[in-house]
Amino acid sequence: KLFVELGQACVAFHDKAVRGLRCKRIQCDELWSFCYAKEKNLPPDKQGELGYGDIWTFVGIDADTKLVRWG
């Protein structure tokens, strides 16, 4: 519970404080991982169920300030 509240506080602060950036170079990348098993190896009872299989995170990084935006 503490980590959830801390994360929410950090997001609120970041959204309030980080404004008006003049980013010139953005580096974009994706991260791949899996939860429980890779998508192709999931047992039939886990296929299509939220929380199992491949996980993708997309990240944008300002090359100069190293600020990160994910989604």
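Two salt bridges turn up in a search of the whole structure, which is a predicted model. One joins Lys1 and Glu5. The other joins Arg25 and Asp64. The chain holds one helix and three strands. Its radius of gyration is 17 Å, well over the 11 Å that the globule rule gives for 71 residues, so the chain is more spread out than a compact globule.

**Salt bridges**

- Lys1 and Glu5 pair through their side chains, with an N to O distance of 3.6 Å.
- Lys1 counts as exposed, because its relative accessibility is 77% and the exposed class begins over 50%.
- Glu5 has a relative accessible area of 41%, so this residue falls in the partly exposed class, between 20% and 50%.
- Arg25 and Asp64 bring their closest N and O atoms to 2.8 Å.
- This second pair links distant parts of the chain, 39 residues apart. Arg25 sits in the loop between α1 (2-17) and β1 (26-35). Asp64 sits in the loop between β2 (53-62) and β3 (68-70).
- Arg25 is partly exposed, at 48% relative accessibility.

**Charge**

- The chain carries 11 positive and 10 negative side chains.
- The centres of the two sets lie 9 Å apart.
- Lys46 is buried yet forms no salt bridge. The nearest side chain of opposite charge belongs to Asp45, 4.2 Å away. The salt-bridge limit is 4 Å, so the separation of Lys46 and Asp45 falls outside it.

**Fold and overall form**

- From the N terminus, the order of elements is α-β-β-β.
- Along the principal axes, the C-alpha atoms fill a box of roughly 50 × 30 × 15 Å.
- Of the 71 residues, 11% count as buried.
- The chain exposes about 6300 Å². Carbon and sulfur atoms supply 60% of that area.
- Among contacts with a separation of 6 or more, 42% come from residues 24 or more positions apart.

**The loop between β1 and β2**

- Tyr36, Lys46 and Gly51 are among the residues placed in this loop.
- Lys46 is in contact with Tyr36 and Tyr52, leaving aside its neighbours within four places in sequence.
- Tyr36 is exposed, with a relative accessible area of 53%.
- Gly51 is partly exposed, at 43% relative accessibility.
- Gly51 and Tyr36 are 15 residues apart in sequence. Their C-alpha atoms are 8.2 Å apart in space.

**Positive phi outside glycine**

- Most residues other than glycine have a negative phi.
- Tyr36 has a positive phi, near 80 degrees.
- Lys66 also has a positive phi, of about 70 degrees, and is not a glycine.
- Lys66 lies in the loop between β2 and β3. Its relative accessible area is 53%, so Lys66 is exposed.

**Strand β1 and its partners in space**

- Ile26 lies in strand β1. At 46% relative accessibility, Ile26 counts as partly exposed.
- Beyond its neighbours within four places in sequence, Ile26 is in contact with Gly60, Ile61 and Asp62. Strand β2 spans residues 53-62, so these three contacts of Ile26 fall within the numbered range of that strand.
- Ile26 and Val68 are 42 residues apart in sequence. In space, their C-alpha atoms are 9.5 Å apart. Strand β3 covers residues 68-70.

Technical notes:
Residues numbered from 1 in each chain as written. Heavy atoms only, no water. Helix = DSSP H or I, 4+ residues; strand = E, 2+ residues; numbered from the N terminus. Rg over C-alpha atoms; globule rule 2.2 N^0.38 Å. Buried < 20%, exposed > 50% of the residue type's maximum accessible area, 1.4 Å probe, protein only. Contact = heavy atoms within 4.5 Å. Areas by Shrake-Rupley, 256 points an atom, 1.4 Å probe, with all protein chains shown as cover. Lys, Arg positive; Asp, Glu negative; His and termini not counted. Charge placed at Lys NZ, Arg CZ, Asp CG, Glu CD.
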